[in-house]
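Please open the model in a viewer and follow the selections below in order. Each stop names what to select and then describes what is found there.

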Amino acid sequence: MLLQVNNLKTWLRSGGKQVKALDGVSFSINKGETFCLVGESGSGKSVTALSVIQLLPQDISSHPAGEILFDYRHDGGRIEQVDMLTLPEKRRREIRGARIAMIFQEPMTSLNPVFTVGDQIIEALQLHNPEMSYEQARQRTVEVLEQVQIKDAAQRINEYPHRLSGGQRQRVMIAMAMACEPDLLIADEPTTALDVTVQAEILLLMKRLQQRRGTSILFITHDFGVVSQMADRLAVMRKGKIVEEGPLRQVLSAPRHAYTRQLLNALPENLPRPTAPPPVSSDEAPLIDIRKLQVYFPIKKGVLRRTVDYVRAVDGIDMQIPEGQILALVGESGCGKTTLGHAILRLIEPTGGRIRFSGNTISGLARAELRPFRQQMQIIFQDPVSSLNLRLTIARTLTEPMAVHGIGANSAERLELARQTLAQVQLDPDFVWRYPHEFSGGQRQRIGIARALVLNPRFIVCDEVTSALDVSVQAEILQLLLELRRERNLTLLFITHNIGVVEYVSDEMAVMYGGRIVERGPTGDVCSQPRHEYTQRLLAAVPRVQL
Amino acid sequence: MSNSAISSSRSGRSYSAQLIRETFRRWGARIGLAWIGVLVVAAVFAPFIATSHPLLLSIDGELHSPVLQFLSPVDVILLVLFFSVLVLALLPLALRHKLLVLLTTLVAATLLSYTLIAPPQLTIYEQYRENITAGKYDWIINAPAPYSPKDYLRDMGDTGLEPPLASSERTHWFGTEENGADVLSRMVHASRIALGIGFVATGIAMLIGIIIGGLMGYFSGIADIIGMRLVEIFEAVPTLFLLLTFVAFFGRSLYIMMVIIGLTSWPGYARYIRAEFLRLRQQEFVQAAIACGLPLRSILFRHMLPNGVAPILVAASFGVASAILAEATLSFLGLGLVDDPSWGQMLNQAVQASTFNWWMAAFPGGAIFLTVFAYNLIGESLRDAFDPYLNKNS
C-alpha cells in the first residue's frame, strides 16, 4: 500500500464562508497501479490531488480530519510511513518532486517561459539530488527527454517552452515529473487540453513509463473514455465524497451507485438514439453553399509591417449543407474549423470564395445589406461564461435582437416571446429578470441557445457548444438541440472535436485537416470505414469506453 | 462549487450594483467618500457657511436676509443641481432618464439664474459690523464663519497674518491670511475650485479618451495606428509647462486650466479603453451581438463600453487627484487665480513673509492632502472590487 488516504476532510474558505470541498474521502493506491478519480467539475477531484501533495494555499484551506499516509522511500531504500498532513513543511518539500510528482492540465502555463526546457528539469534534479553535478544532471535530462520520445533531445534541451507544441510541452512536463523517479505520479487532467491523437500518444507514453518503473499513478479525469484506457481501479466522486470505488471492469459494467449509472448513461454513445432524421431530398438546392472559401491571416514582419506570408486557416473549401441536416465538422485544434464556422456567418471576413445562403450570395454584401440574413443565421458559442453580456438582464439580451429585426409589435410582446423561448429551452420563464452571473454553466448555455432561437433562424452554427460542460449537462444540451431541430427544421453546422458527440448528433460529418476538408460523408459510413489517412488516425485515437 | 455558492448569495442584483456595493464595503472607500461628501456640501453651501452677510436679521421688526440678496448665479446653479441630484437619486428612474432630467435642469437653471439674478454690484462688508455697533438691528443670525473670503476686514485695522484665535474681539478659527481675510472662509470657498477642476478636467479627458480609445480598439488597423500616434504626441506634452505658457499668454482663467489639463491627460484613458475593446471584440457575447445584426451603436455602447469601463473608473479617480494637484501647484507658484481663493495659493503665503506661518501651511495643505488621499482611497477600493482575484478573500 503506497498511499492510504483515510477519512480526509478539506475545507476551503471562500468569501468568509467555509466550503466542505472534501468530506470524508478514503482510498488507497498500491504500488505500480493506476487509480483514477472520476467526477464532474466541482466534485473535489483536483482538491484531493492537491491535498495529497499538500499544495493547497494554507491561508484558505484547512484539514479538520483525516490522514494521508505515504510510504516514504529514503535514499538508502528504508521505507517510512509518514502522514503528509502532520509532516513539517521542510520534509514535505523533500517528498514533493522526488517521491510524489505532479502533472497539471494546462501545458501552456505549467512551464516557466523564461527558462529553457533543460534548465527546468536540471534544476529539479539537482534540488533533490544535491550530490549530482551539472554534467550528470544534464546527461540525465537528455535521457528522460528521450524516454518521453522527444526527438533530438540533446538539441531540444536548449529550447524555450514557446517553441514546443502543446503535446511536446506535456511530454516535457512528464519528463520533469519522472526525472527524479517518483513513487507516485499525480496527473490532474493531463490530456484534457490536448487533441485526441496527441492524447492517445501521451496516454500510451504514461503507461509505458509506468510499466518500466513501477510507478503508481493517481489519475484525475472527467472522461470515461480515458478512464477505461488507463485505470486499474477507479473511484467516482460527487460533492466531495467518493460514491463508488472498485476495479475498472466492475464499475463500468456493473455500476452499483445510481450516480455512476447516471454518468455512464449520459455518455453520448450510451444516449438513446433519436428517431431517424427526416429524409433530405437531394434535388432541392442546399441551404448553405460554399465555393472555394478562403480565410487567410497575414503574417506581418519588420518595421513596415509588410506581409511576408499567410496563415491559410481555411484553404479553399467547397461545402453544401441541405436544409434540415446536421453536419458535424471535426478536426483537431488549429485546423480551421472554428474559423470556417465564423466565416460562413461573416463574423470573420473571408479572403476569397463565395458563400450562398438559400440561393443568395452573401459574401461581399455590405453591413446593412447583410442585416436581413443575420436574422436567419445564428451562432452558439463554446464558453457559456463569456458568451453572455454580464451587464444586461436576460430580458434585454433576448429582446434587443428581436427589436432590431422587427420581431414582435411592441416590447411587451417581445418580452412574452422571450419568455416562451426560455420555456422552450427548458428554463423558467421568470429567469428573464435575472443577470447571467446567477446561472450555472449549463443554464447559460441554454440561454445562449435561446438567444439564437429568438430570431427564428434557419441555420445555426454550434461552435463546440458542449466542450465546456459536464457530461450529464452535455447530454441534456444535445437532446435539446435535436428536439429543437425536429420542431423547427433547423439546419445545424456542429463544430466539435468530440467523436462521441458527432456520432450521436450528426447526419453527416466532414473531417477538416490543415484548412481543408479531407473527408465527408454520412456519419455512420465515415466512422465505420474511414478512407482518409488522417480520419483513420483520428478515429483510432478516440478513447472508447470498453464494457 | 464555490462559484455556485457565491452566485446564489448575490442573486437578484445587477453587476454594477454589486460592484458599487463591493467597493463601498471597504473602509478606505467609505472614508474617502465621506471626505468628498464633506467637500461637496462645503462647496455647494459655501455662501451660507462662510459669509459676512448675516443669514437673517431684523430691522424694526422687519425680517431681512442679506445673504439671499447677494447670492450669485453660480451659487444658485450649484444649489439647484445639488438638490435635483438628491431628488433624482431617490426616484426610481432609468439612468438614461435621470441624466436627461439632470441636463435639462442644468440648462434651465443656468439660463434662468443668469437672466433673473443680479446681485448688487457693490458689496460693503463693513456695513453690518458698523450697524451692529450702532445698534440698528433688533437681532441677527450670522453664518458659522462670519467672514466672506474677500472681506479683508478694512475696518478692523491691520489684521494680516494672524495665527488662529489670536485676537480677542474676532474669532478666526484658522487665522487670517496676508490681506487680512479669514482662512477658514477662503478654504471653504476654495473647495469649489478643487472639486470643479478635478471633475471637469477628468470629465473632458475621459470623454476624449473613451471616444478615441474606443475607435482605436474597435476598428483597429489604420484607425489604431493613427490614434496611437496621436496618443504618443499628447503623452509627450508636459502639462505643467503648457499651463505656465498659457497663463503667460492668455491670463489666468480657471476654465483654460481645466481644458488644458483635460486635453493633455486623455491618452491614459484612451490606452485603457483601447486595450479593453481589443479584448472585448474577441469575446463571444460581442461576436453574438454582431451575429444578431445589432447596429454598431448598440454593440459599442451597450455591449462593449459598460464591460470595458471598469479600469477607466479606477484611472479617473486617480486622475481627479492629479488634476487637483496640478491646480494647487500652479497656484502655489503664484500663477493661479488672482483674487479668488485657492488652496495652493494659500500654501504659497506660508513662506512668503520672513516668518513661517504654520496655519497657512497646515490647513490648506491638509485639505489638499486629504482630498488627494480620499480620491486615491476610492480608486484603490474600486480597483480591488473590479479585481476578481482579490475580492474573494477580503
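Helices and strands are here runs assigned by DSSP, of at least four residues for a helix and at least two for a strand, numbered from the N terminus. The model is a predicted one.

**Chain A as a whole**

Begin by selecting chain A, which holds 19 helices and 20 strands. Its radius of gyration is 26 Å, close to the 24 Å that the globule rule gives for 547 residues, so chain A is as compact as a globular protein of that length. Along the principal axes, its C-alpha atoms fill a box of roughly 80 × 55 × 50 Å. Colouring by burial would mark 43% of the 547 residues of chain A as buried. Among contacts in chain A with a separation of 6 or more, 68% come from residues 24 or more positions apart.

**A sheet in chain A**

Next, select the six strands of chain A that form an open sheet with mixed pairing, in the order β6-β7-β8-β3-β9-β10. Which strands stand at the edges? They are β6 (100-103) and β10 (241-247) of chain A; each has a single partner strand, so one side of each is left without a neighbour in the sheet. Direction ignored, neighbouring strands of this sheet are turned by 15 degrees against each other on average.

Now add helix α6 (residues 166-179) of chain A, which packs on the sheet and touches β6 and β7 (184-188) of chain A. The direction of this helix makes about 175 degrees with that of β6(A).

Within the sheet, select β3 (residues 34-38) and β8 (residues 216-221) of chain A, which run parallel and are joined by five bridges. In this pair, Thr34(A) stands opposite Ile217(A) of β8(A). Strands of a sheet pair through backbone hydrogen bonds, either parallel or antiparallel.

**Two residues with positive phi**

Most residues other than glycine have a negative phi. Select Lys292(A), which is not a glycine yet has a positive phi of about 50 degrees. Lys292(A) lies in strand β11 (residues 288-301) of chain A. Is this residue buried or exposed? Lys292(A) is exposed, with 12 other C-beta atoms within 10 Å.

Move on to Asn489(A), where phi is positive as well, near 55 degrees. Asn489(A) is found in the loop between α16 (471-488) and β18 (491-496) of chain A. Asn489(A) is exposed, with 11 other C-beta atoms within 10 Å.

**Where the chains meet**

Show both chains: 33 residues of chain A are in contact with 27 residues of chain B. On the side of chain A that touches chain B, the elements giving two or more residues are β1 (3-14), β2 (17-29), α12 (367-376), β16 (377-380) and α13 (394-404) of chain A. The residues of that side divide into 14 nonpolar, 11 polar and eight charged.

**Two helices of chain B**

Select helix α3 (residues 27-44) of chain B, whose 18 residues reach 26 Å from first C-alpha to last, close to the 26 Å expected at 1.5 Å a residue. The buried residues of α3(B) are Ala29(B), Gly32(B), Ile36(B), Leu39(B), Ala42(B), Ala43(B) and Val44(B). Their cover includes α2 (15-24), α4 (46-49), α6 (73-90), α9 (183-219) and α17 (358-386) of chain B. An α-helix has 3.6 residues a turn, so residues three or four places apart point the same way.

Finish at helix α7 (residues 95-116) of chain B, with 22 residues reaching 31 Å from first C-alpha to last, close to the 32 Å expected at 1.5 Å a residue. Of the 22 residues of α7(B), the number buried is one, so α7(B) lies largely in the open.

How values were computed:
Residues are numbered from 1 along each chain as its sequence is written. Chains are lettered from A and ligands numbered from 1 in the order in which they are written. This is a predicted model: local features need pLDDT of at least 70, side-chain atom pairs count only at pLDDT 80 or more; totals for chains, interfaces and linings use all residues. The expected span of a helix is 1.5 Å times one less than its number of residues. A residue is buried if 20 or more other C-beta atoms lie within 10 Å of its own, exposed if 12 or fewer, and partly exposed in between; C-beta atoms are placed from the backbone. Two residues are in contact if their C-beta atoms, placed from the backbone, lie within 7 Å. The radius of gyration is taken over C-alpha atoms; the globule rule is 2.2 Å times the number of residues to the power 0.38. Ala, Val, Leu, Ile, Met, Phe, Trp, Tyr, Cys and Pro count as nonpolar, Asp, Glu, Lys and Arg as charged, and the others, Gly among them, as polar. Two strands pair if DSSP finds at least two bridges between them. Axes are lines fitted to C-alpha atoms, for helices over the stretch in contact, and angles run from 0 to 180 degrees between N-to-C directions.
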